[in-house]
Amino acid sequence: MNSLTHPDEFVNRHIGLNENDITEMLKEINADSIDKLIEETIPAQIRLKENLTLDSPLSEFEYLNKLRQTAQKNKVFKSYIGMGYYGTILPAAIQRNILENPGWYTQYTPYQAEISQGRLEALINFQTMVMEMTGMPIANASLLDEATAAAEAMSVIYAYTRATKKNANKFFVDNDVFPQTLNVLKTRAVPHGIEIVTGNYSDFQLDENVFGLLVQYPSGKGSVNDYSNFFKQADSLSINKIVAADIFSLALFTPPGEFGADIVVGSTQRFGVPMGYGGPHAAYFSCKEEFKRIIPGRIIGASIDVHGRTALRMALQTREQHIKREKATSNICTAQVLLAIMAGMYAVYHGPERIRKIAERIHKLTKILDLSLKELNVKQTNDLYFDTLVIDFSKEAAKLEQLRKTAIKNKSNFRYFDDGSIGISLDETTSLNDVKEILNLFEEVLGRTLSTDFDRLAANVELNYPEKLKRTSSYLSQKVFNSYHSETELLRYIKSLENRDLSLTTSMIPLGSCTMKLNAAAEMMGITFPEFANIHPFVPKDQTEGYQQIIKELEDDLAKITGFAAVSLQPNSGAQGEFAGLMVIRAYHHSLGQSNRNVVLIPSSAHGTNPASAVMAGMKVVVVKCDDAGNIDANDLKAKAELHKENLSSLMVTYPSTHGVFEENISDICKIIHDNGGQVYMDGANLNAQLGLTTPHLIGADVCHLNLHKTFAIPHGGGGPGMGPIAVAEHLEPFLPAHPIINVGGEKGISSISAAPWGSASILIISHAYIKMMGGGGLIKATQAAILNANYIKARLEKYYKVLYAGVKGRVAHELIFDMREFKTSANIDVEDIAKRLMDYGFHSPTVSFPVAGTFMVEPTESESKYELDRFCDAMIMIREEINDIETGKADKIDNVLKNAPHTALEVISDNWNHSYSREKAAFPAEWTKKNKFWPYVGRVNNAYGDRNLVCSCEPISSYEETT
């Protein structure tokens, strides 16, 4: 029967090596076999004795057929639930050319600005859109969801006011804020002793103990409120004001920046991003200038390059957790870049006039519904609204239940309040026929008949709301929002931006600690199935049987892969997973009456999010030294664990380490922590070197977060989306995150980490596809290939560059660090010079100066072929020869190909060429660059200039050009 099995196996598509490659590479690294290499790399005491047992692998064809059947189990009703999630129309041009385009979704976070100008421009468009719609002077380039954005805002103003209001620890939240937002706020508040106070803004008396407040606009029930008097009261007490605003409503109503908001947060989901059962969506965060140094997430700003041309970059990076670590105000690492780009492009596609008309249409349909319900003698409680009505059925319980059943029968979902009210939110996808269908439900239940002439009503309905709340200021007047309204022009604009950026469609991206592996087309296809894309996160579970199947299977597979008892898929980024894991540990200690346990030990080599997450969870960070071999200093760890024995919460450890080594004594390290009453949190950043060969549980961890956007094939999208679920041992399972609306988590679950119960649920399909098509054997092969590839690069390059760390048998894990510091002395060459020179060869640089300053961290992943690995190694060897030319005096120490890298097409074709080397050497240093050249769009960017002259909007880019 084997001859009847289709020969096209997914594992051979995903792994870049063939058998001949493996044979040659094993010879190069002096290993007899893959098994022998693994024996020399992973300590024997933590290697699995049995193979990973998962379902037999499916082919792409089989998986997609099965996925379509699973999708049919979901019931796609018309959802009028609202609560921050709405039906939207994703323009096909954006879906096809961005969401489904690997030239966009396989990009990395734009740390290397010279080869990231396309997405940087798309992100500055997003920032500009947010600033324009909210009326604020500065915005970031997206956050994870509205609820976490609100929590970030609370944290920002708490940090900002500590100096002047030391005793103020109360944060006011209006009763009519979305419940999922309130729940996430509680999670963030508890570790810091912040008291969340709720009430009605209209009669709440603020005092000096309040440092900040949050209101919803329009309110959670849809009422458009005038907060101006409340805000004046807050100003008199120096209380900072946060507004969570619906971005579409701001096309019609006064933006928060014009009635006194200090920070505005919200979601851009309804700007063309499908609901996807909760995400991913790009949240926004805009604020006053005084918060720019502590604003969470990325900010894109304009600067200049070495030639004086405008160049975009990530601004103010010194405030990020990578640098500030435990002193950072946020642990945000991954954001929602791909979704922000889509939302920004939605604004580019529609422009201000069409956005206003869409908003007016939504509001008019809502008003038609309201007027018609009044004719049916139904009590509607919102006097002023945008898209949401609340119907009072509190005195008609039987009718309410009948309406609920009738609505379900007619495939419609409403929001049902505890007080017997019904919420109905309309959106861009709603039609007049939909309004009629809603009214038919009420007619049927109430036994009444409408006599409305809908055509006449539609023609005469007016948008009459108070002048004070009516938006009079213009928005989106920038050229970019008024130029690309035909699909032809939009297509060309999108393509022009894509062509500026290096992605996996160009070459390998060897970033250490980032795992830039293949994001297969078959894995991506499911996210745009309408049965997955168009599901509201708060619909009844019986409408989501397809999603529930995928979630259950993924949780079970991740539990087997990690060796743990249970999994929570709620955290929607790696940093959120860290925070969730620490909060679960915190809850566990509290359940034992040990609330004093608040000390976290963190190795000095840890990722910057680790200490930032620990501080967010209310922990005290104690740094553990690393020894000269790059390993955790076991003596220092033991001494500090014993010193803090009474208060020890946990150890945060990455394995293999961020130095690219499987530490031999990891089990002993875990035992030290357990012997002193602590728990072991494992950072899953390097799980790609573990799958099928060992497990976090076997190693000795109690909880581990998993980066699905690394190990399990979700694309990075230029800086998001990501997912960071946590897997836990049995004793921690009761504390897994809960949710206020959908029943998830443990019986003693901590409050929510994210807005939606399963985080960014739609992209879980990608990881589900990866596991189901790889199978247990395929995952093992992938891990082996990742380790082989890294050791092959080590063998080829260690003659030219010093390898900083290796295991006791000379092997590295799936990544390794090359030390570039010697070249500063010998040739005046920094690691940054080498990073920029790689661009001329058509490569993204490895990770620069992390975890050790002046070094490269290289991670090739299992998806790369030997041919591509050799190209990268050849480029690095040629660059070493270029450095040698400087060392020997053959090339100038100032005017050379490295110091002047990268070289742009404009520079190379210019009549003014004053360098001591040729144009060919500058731009075409290798044969492959003559056949398929990727051109950096700008020369080396001046980072300091951009921070001194912060500009984070896009109007007009030409105005930042320096005239000559």
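Me: So helices (H or I, at least four residues) and strands (E, at least two) are DSSP runs, numbered from the N terminus. Between which helices does T515 lie, then?

Reply: This is a predicted model, so read everything below as computed. T515 sits in the loop that links α16 (487–498) to α17 (521–524).

Me: What is the phi of T515 near?

Reply: General idea to start: most residues other than glycine have a negative phi, and most peptide bonds are trans. T515 has a phi near 50°, which is positive in a residue other than glycine.

Me: Is T515 buried or exposed?

Reply: The cut-off you need is that buried means under 20% relative accessible area, and exposed means over 50%. T515 comes out at 1%, so T515 is buried.

Me: And what about K411: where does K411 lie?

Reply: K411 is in the loop running between α13 (397–409) and β12 (412–413). K411 also has a positive phi, about 60°, though it isn't a glycine. With a relative accessible area of 52%, K411 is exposed, whereas T515 is buried.

Me: Now peptide bonds. Which residue does a cis peptide bond join to P218?

Reply: Remember the general rule that most peptide bonds are trans. Here Y217 and P218 are joined by a cis bond, with omega about -15°. P218 lies in the loop between β5 and α10. Another cis bond joins G279 and P280, with omega about 10°, and P280 is in the loop between β7 and β8 (283–287).

Me: Let's stay with β5. How many residues of β5 are buried?

Reply: Eight of its eight residues are buried, so β5 is largely enclosed by the rest of the structure. Now look at the neighbours. Strand β3 (residues 170–174) pairs with β5 in the parallel sense over four bridges, with K170 partnered by V210 in β5. β5 and β6 also run parallel, joined by six bridges. Two spots to find are L213 opposite K241 in β6, and Y217 with A245 as its bridge partner.

Me: What kind of unit do β5, helix α10 and β6 make?

Reply: Together, β5, helix α10 (residues 228–236) and β6 form a right-handed β-α-β unit.

Me: Which residues sit on each side of β6?

Reply: In a regular strand the side chains alternate between the two faces of the sheet. In β6, N240, I242 and A244 are on one side, with K241, V243 and A245 on the other, and all are buried. That's six of six residues in β6 (residues 240–245), so the strand is largely enclosed by the rest of the structure. β6 also runs parallel to strand β7 (residues 263–267), with three bridges between them, and A244 faces V265 in β7.

Me: What is the strand order in the open sheet of three strands?

Reply: The order is β11-β14-β13, and the pairing is antiparallel. β11 (388–392) and β13 (415–416) are the edge strands, each pairing on one side only. β11 and β14 share five bridges; in one of the matches, V390 is partnered by G423 in β14.

Me: How far apart in space are Y80 and I424?

Reply: Sequence distance and spatial distance are separate things to check. Y80 and I424 are 344 residues apart in sequence, and their C-alpha atoms are 5.1 Å apart in space. Y80 is in the loop between β1 (78–79) and α5 (92–99). Leaving out residues up to four places away in sequence, Y80 touches several residues, including F414, R415, G423, I424 and D434. The relative accessible area of Y80 is 3%, so Y80 is buried.

Me: And what does G563 touch?

Reply: With residues up to four places away in sequence left out, G563 touches T695 and H697. G563 is in the loop between α19 (545–562) and β15 (566–568). At 31% relative accessibility, G563 is partly exposed.

Me: Last one: how many cavities of 30 Å³ or more are there?

Reply: Five. The largest holds about 220 Å³ of space. β5 (210–217) and β14 (421–425) are the elements giving two or more residues to its lining, and β14 gives the most, with three. The lining of the largest cavity has 25 residues, with G84, Y86, F178, D246 and R270 nearest the centre. By class, that lining splits into nine nonpolar, eleven polar and five charged residues.

Terms used. Residues numbered from 1 in each chain as written. Predicted model: local features only at pLDDT ≥ 70, side-chain atom pairs only at ≥ 80, totals over all residues. Heavy atoms only, no water. 1 Å grid on protein atoms, 1.4 Å probe; cavity = no way out; pocket = protein on both sides within 12 Å on 5 of 7 lines; lining within 4 Å. Points joined across faces, edges and corners; volume = space filled by probe spheres on them. Nonpolar A, V, L, I, M, F, W, Y, C, P; charged D, E, K, R; others polar. Buried < 20%, exposed > 50% of the residue type's maximum accessible area, 1.4 Å probe, protein only. Contact = heavy atoms within 4.5 Å. Pairing = 2+ DSSP bridges. Right-handed = clockwise from strand over helix to strand, strands pointing away.
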